Structures are given as structure tokens and as C-alpha cells.
Amino acid sequence: MRNNRQLTTIGFDADDTLWQNEQFFRITEKRFAALLADHAEEEHISARLLEAEKRNLAVYGFGIKGFTLSMIETAIEITEGRAPASVIAEILAAGREMLGHPIEALPHARETVEKLADAYRLVLITKGDLFDQERKLAQSGLGGLFDAVEIVSDKSPATYVSIFSRHGDGAEKSMMVGNSLKSDVVPAIEAGSWGVHVPHELTWVLEHVEPPVTAPRFRQIADLSELPGLVESIGKAG
């Protein structure tokens, strides 16, 4: 099936597609707001933190380390430079806990990847901290099922063109599967690939865009258990 003219390569996002991720950010944000409860309301703290994250993406990139630094910056801003060392220490401890949290696989992740591994080239395409993503992949036990792993700073159409050219037969014969319309689906479709959206109940606000419902290569499934059937139907159509 690897020579199938229509589809030969499948890319998978990692965080909140194969394993849980965003829920740990939400839990830590609640903890952060509680630390600063004497200085501002939770809603205000969260809004200021989001502003800091937006500013810092171009500097720190995606992931827990950037999130931790954004929390420290926000604490300093909200306390007008009077954040005690104990609060900074608590923030750093929360970041370390996130970096050491056990992997929690999402339903159907392993069985789906295993079903597709023999027939298609599989590429894990994720963004975030290099060490943290490597740790999570190792703990997931899924690493050996992928033909290639790409940890990137961002996901753009050019990213997918490059990856699917190096690890597949080009974007046109590839598919990208993920929970983020903004990062996983829309740019992959713009690159010429299929884009499959697997919604997650928690998706970071900065990853929200409208579904490309008119795009011929856009598909949405309820969970990963539906992916093998979708892949088969696309292959038959080709």
C-alpha cells in the first residue's frame, strides 16, 4: 500500500492528538492564579498571562519553558515588581512538575498508529521544547512505530512541504492528523496535503481558527479510531 498513488505518508501531531497535554497547562494556570490571588482576580491574571505568551512566542517558542517564563513575567507585572522570591520559586517548581508529568495516551492512539504503521510511512510532527517532546515520545512507547520524527519551531505550509518531501512522496500524497486546525490542518491543506482534524476538548485559544469546510482535502473525525477507515476510503478513491 505504500505505493498507493493517492496516499503514502501520514503525519501525526503529538500533544493532544496522541497524548494529553493542554490539561496540564490549565491546571498549572489555576495554580498560578491562586499564587497571585491577593493582587488580582483570576480572570485578569489569565488575560495578562495570555498577553505575555503571545509576546513571547517569537522569543521562547512553544512549550512548557516558554510558559514558565511567561508566568514569571506576568507575576512581576501584576505585582508591579514586588513578586516575592517564594512566588517565583513556586512558579519554577510548577514548571518542573509539568516537565516531569507522566504521559497519558489518548484513546485509540496506540492501536491506530499500529494499524497504519505497516502500510504507510508515519511521521511524527510536533512543536515545542526539544527535550520535553523527546521525553514524552520515549515514555509513550510509540517512537518505534514512526519512520521519522520532526520537532519543529512552528508549523507552516512550507514546513509540511519540506517534511513530506524528505520523508514521503511529497505533500500531495500525504496526510496530516491533529487536534489543531491552525497548526495541523490548515497549513497542511495549504501545502497540498490532506488535513484531518481530531477535536480535543481542550485546545489552546491561540490555536483556534475556523474549519476549512470548503477545502476538498479537509476531513474531521470524532477520534482516532475512525482514522484507519478514512485512510482506506481515500486510498480506494485514488
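Which strands and helix do the buried residues of H8 pack against? To find out in this predicted model, select helix H8, residues 181–191, and then show what surrounds the helix. The buried residues of H8 pack against helix H7 (157–167) and against four strands, namely E2 (121–127), E4 (174–178), E5 (194–197) and E6 (218–220).

Stay with H8 for a moment and colour its buried residues, which are Leu-181, Ser-183, Asp-184, Val-185, Pro-187, Ala-188, Ile-189 and Ala-191. Because 8 of the 11 residues of H8 are buried, the helix is largely enclosed by the rest of the structure.

From Val-185, one of the buried residues of H8, the next stop is Ser-86, which is 99 residues apart from Val-185 in sequence and 42 Å apart from Val-185 in space, taken from C-alpha to C-alpha. Ser-86 has its place in helix H4, and since its relative accessibility is 49%, Ser-86 counts as partly exposed.

Now select the whole of H4, residues 85–99, together with helix H1, residues 22–35. Two packed helices are described by the angle between their axes and the distance between the axes. Here the axes of H1 and H4 come within 11 Å and cross at roughly 170°, which means that H1 is roughly antiparallel to H4. To see the contact itself, show the side chains of Phe-24, Phe-25, Thr-28, Arg-31, Phe-32 and Leu-35 on H1, and those of Val-87, Glu-90, Ile-91, Ala-93, Ala-94, Glu-97 and Met-98 on H4. By class, the residues of this contact between H1 and H4 divide into 9 nonpolar, 1 polar and 3 charged.

Keep Phe-24, Phe-25 and Met-98 selected, since these residues also belong to the lining of the largest cavity. Rolling a probe the size of a water molecule over the atoms shows where empty space is left. The structure holds 1 cavity of 30 Å³ or more, and about 80 Å³ of space lies in the largest cavity. To complete its lining in the viewer, add Gln-20, Asn-21, Ile-64, His-101, Pro-102, Ile-103, Asp-132, Arg-135 and Lys-136.

Which helix gives the largest share of this lining? Select helix H6 (130–140) to see it: H6 contributes 3 residues, the largest share of the lining, while H1 and H6 each supply at least two residues. Coloured by class, the lining of the largest cavity shows 6 nonpolar, 3 polar and 3 charged residues.

Methods: Residues numbered from 1 in each chain as written. Predicted model: local features only at pLDDT ≥ 70, side-chain atom pairs only at ≥ 80, totals over all residues. Heavy atoms only, no water. Axes fitted to C-alpha atoms, helices over the stretch in contact; angles between N-to-C directions. Parallel < 35°, antiparallel > 145°, perpendicular 65-115°, else oblique. Contact = heavy atoms within 4.5 Å. Nonpolar A, V, L, I, M, F, W, Y, C, P; charged D, E, K, R; others polar. 1 Å grid on protein atoms, 1.4 Å probe; cavity = no way out; pocket = protein on both sides within 12 Å on 5 of 7 lines; lining within 4 Å. Points joined across faces, edges and corners; volume = space filled by probe spheres on them. Buried < 20%, exposed > 50% of the residue type's maximum accessible area, 1.4 Å probe, protein only.
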